[in-house]
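Please look at the sequence and the three-dimensional structure shown here, and then read the account that follows beside them.

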Amino acid sequence: MAISVMKRLLVISKHSNQRHLLETLQSLKEVEVSSLDAWIEGREELFASGAQTSNNVDLNLKIRNIKDALEILDEYIEQPSLFKRIRMPREVYTLQELEASVNEVDIDALIQKLKVEQERIEVIDRELVVLSESEDFLRQWQKLNFSPERRTLAYFYMVMGEIDSEKVEALYESLEDLTVYRNEIYSDENTSGFIFVTGKNNQATLESVLRQHDFVPLVYPYEIPPSEALVENLAKREGLLKERSELTDRLKANQEAYKQLMLAEEFYINLLERGKARDLIQESEHLFILHGWVPEAELSEVLETLNQEFPKGSLATLTYDVDEAQDDLGEVPVKLVNNRFNQAFENLTLQFGIPRYDSIDPTPFYALFQILFFGLMSADVGYGLLLFLGTLVPLLFFELKDSQRNQLLMFNLNSIGTMLVGLFFGSFFGFTLPFQVMDVTQGVIKVMVFSVAIGVVHMIVGYCLKLYLDAKRKDWSSMYLNALQWILMLVGAILLAVNMVVGMDILNKIGLFLILGNIAGMFIVNMISANNPLVGFGLGLFGLIDVAGMVGDVVSYTRLTALGVAGANIGMAFNIITGLFPPLARFTLGLLVFVALHALNIFITFLGAYVHSMRLQFVEFFGKFYETGGKAFEPLKPREEHIIIEHNHRNKK
């Protein structure tokens with residue numbers, strides 16, 4: 001339960017072993033390949049001749065094409081239901097099996113085929129839109145039995161076009177004094193289509209009248225009459241729809257191709273990751289050197305696997321300890337190692353930041369406090385039972401990733417705190433149970449004192465961790481000023497509080513001595529540790545401000561009581577509201593109101609409990625000692641989005 005001890009790993013071998021080495025390390029998932037730039041400084045001439053160019057750009061392009069092909073099939077492939085998908089176990093492959101499976105199919109040809117079919121569908125869709133618009137036009141003018149483009153008259157002027165339907169009557173009135181033949185071809189609520197025929201001598205007059213009424217002459221793009229063009233339009237549309245249907249059916253039938261593309265995506269992303277690792281390898285004309293980090297607990301398995309995978313003498317491996325005096329500890333990767341219980345809270349730790357390699361993993365020290373804080377702020381057996389079952393079902397029956405499983409497990413453990421504290425206060429969906437240790441609504445002061453006491457213990461644990469870290473670094477002044485003096489002051493405050501209950505004067509004297517003595521100690525240690533005593537005295541004065549800050553930190557824990565009492569009272573109020581319904585309505589509409597109101601209270605209560613418990617951890621606890629700025633351990637490992645990769649060696653066991 002700590003930060004894993006890291007070992008340096010150097011592997012030297014000939015170029016022919018490089019690919020197999022990277023595959024082996026990737027399938028082991030426990031080696032982070034890192035740069036050797038600092039080591040080769042001044043030795044560049046040894047490696048320049050062996051440098052190889054990476055094909056990562058090509059791989060990125062290939063992965064992009066595969067993703068595009070998967071997006072195409074996502075529109076057509078029938079996917080299992082969400083419930084079935086989250087229960088579906090991922091298949092297990094070795095890297096070699098994955099490569100063999102991908103090589104069975106010409107992925108480039110498959111992608112090209114899918115793109116061609118998709119592009120043809122897009123072309124058809126655009127043509128269908130055009131045909132649909134043409135169909136509307138032709139249906140309007142289908143009463144014409146001739147093509148307007150081909151019909152000209154020797155002695156008459158003929159014009160066809162559209163006019164706003166609201167202006168038709170006005171147009172008729174304007175044409176009363178003009179000898180003109182008119183025929184209404186169509187009319188709807190927006191426009192009306194007409195043919196006007198008049199003598200050549202009246203052409204100018206007719207055109208002038210039509211312009212006055214915003215008449216739009218017809219632009220007819222066909223050489224055949226509208227009725228015949230409509231028939232051709234419908235026939236072409238039917239043909240395109242049939243072709244589209246056939247293309248869609250072909251795309252829907254690509255279930256196996258969809259799986260092959262997912263495997264190919266995994267394969268090429270894994271290949272890309274190995275390419276990135278390869279870029280960090282130093283190569284000479286005949287040999288290469290790989291540098292990496294391995295957790296100490298995994299080192300023996302890594303070395304054993306390398307010995308089994310490579311013939312004796314073909315590979316040289318060297319391991320080194322981290323030298324805390326010589327190495328840049330900020331560059332040493334950090335891996336948290338916890339038991340299953342504490343792993344559930346690692347995400348919370350990492351949300352705040354990655355600890356430095358020479359710092360400490362706080363997860364095991366606050367996990368129980370987190371459960372207790374969450375429980376105090378959401379104290380109700382019914383609410384806790386719902387959260388417990390709601391998280392237990394997916395944990396037992398769903399196929400989850402590690403991060404999802406840890407997150408659900410954390411809430412599952414928190415729900416146990418909710419149920420236990422709910423039993424203590426005798427609360428079940430806002431109703432009072434027949435048994436309880438304490439009534440939270442009647443004993444608010446006692447609960448608040450208990451909350452503050454828990455908070456003081458929480459803070460003392462934080463200061464103790466700071467004490468440990470400073471002692472480890474032999475920073476004696478910081479050990480006293482940032483840890484020990486506060487621990488002693490808090491102990492003094494506890495003794496004063498106990499004296500108020502039991503009335504032992506000796507406790508009062510010891511408590512005052514610890515508080516006042518350490519305030520004096522604050523000045524003395526600052527004056528001794530500072531180069532200038534006056535500066536040290538000034539730092540002591542500033543330290544008095546921190547005393548007030550510590551009091552504020554202690555008061556901050558009263559939120560445990562505030563949120564717990566608020567949630568309980570709101571639940572009781574909701575029960576009173578539903579109790580006001582008449583008997584018949586109480587078990588019908590009242591039941592729905594009961595569920596809705598308590599669902600709202602559950603959401604608010606759990607949200608508040610989660611956010612405020614995080615606040616207590618991040619501010620009141622981590623603030624005492626936690627040092628972030630570490631570098632996360634990022635081993636060379638397969639992607640494992642759709643499948644799980646296992647190493648050959650492990651499968652044989």
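Strands β9 and β10 form a hairpin with 3 residues between them; strands here are DSSP runs (E, at least two residues), as helices are DSSP runs (H or I, at least four residues), and both are numbered from the N terminus. This is a predicted model, in which local features need pLDDT of at least 70 and side-chain atom pairs count only at pLDDT 80 or more, while totals for chains, interfaces and linings use all residues. Residues are numbered from 1 along each chain as its sequence is written, and side-chain values use heavy atoms, with hydrogens and water left out.

**Strand β10 and its partners**

Strand β10 covers residues 287–295, and 8 of its 9 residues are buried, where buried means under 20% relative accessible area, exposed means over 50% and partly exposed lies in between (1.4 Å probe, protein chains only). Two strands are said to pair if DSSP finds at least two bridges between them, and the table lists three partners of β10 with one bridge position for each.

| Partner of β10 | Bridges and sense | One residue pair |
|---|---|---|
| β2 (residues 6–14) | 9 bridges, antiparallel | Leu10 with His291 |
| β3 (residues 32–34) | 3 bridges, antiparallel | Glu32 with Trp293 |
| β9 (residues 282–283) | 2 bridges, antiparallel | Glu283 with Phe288 |

Which strand holds Ser34? Ser34 lies in strand β3, and Ser34 counts as buried because its relative accessibility is 12%. The side chains of Ser34 and His291 are joined by a polar contact of 2.7 Å, a polar contact being a pair of N or O atoms within 3.5 Å, of which, within protein, one must be able to donate a hydrogen and the other to accept it, and residues adjacent in sequence count only if both atoms are side-chain atoms. Leaving aside residues up to four places away in sequence, Ser34 touches Leu280, His291, Gly292 and Trp293, with contact taken as heavy atoms within 4.5 Å.

**Annotated spans**

The unreviewed UniProt entry places the feature "transmembrane region" at several spans, including residues 365–389 and 510–528; such annotations may be inferred rather than shown by experiment. In the model, residues 365–389 are 88% helix and 0% strand, with end C-alpha atoms 27 Å apart, and residues 510–528 are 100% helix and 0% strand, with end C-alpha atoms 26 Å apart.

**Aromatic pairs**

The structure holds 32 aromatic pairs; rings of Phe, Tyr and Trp (its six-membered ring) pair if their centres lie within 6.5 Å, and planes under 30 degrees apart count as stacked, over 60 as edge-to-face and the rest as tilted. Phe341 and Phe345 form a tilted pair, at 5.9 Å centre to centre and 55 degrees between the planes; Phe341 is partly exposed at 31% relative accessibility, whereas Phe345 is buried at 0%. Phe424 and Phe425 form an edge-to-face pair, at 5.3 Å and 75 degrees, in which Phe424 is partly exposed at 36% and Phe425 is buried at 6%. One aromatic cluster is formed by Phe352, Tyr366, Phe618, Phe621, Phe622, Phe625 and Tyr626.

**Confidence**

The mean pLDDT, the predictor's confidence in each residue from 0 to 100, is 89 for the protein, and 96% of its residues reach 70 or more. Among the elements, helix α14 (residues 363–377) has the highest mean pLDDT, 95, and helix α24 (residues 648–652) the lowest, 49. Over residues 649–653 the pLDDT is below 50, and this stretch has 8 contacts in the model beyond near neighbours in sequence. Where pLDDT is low, the predicted coordinates should not be read in detail.
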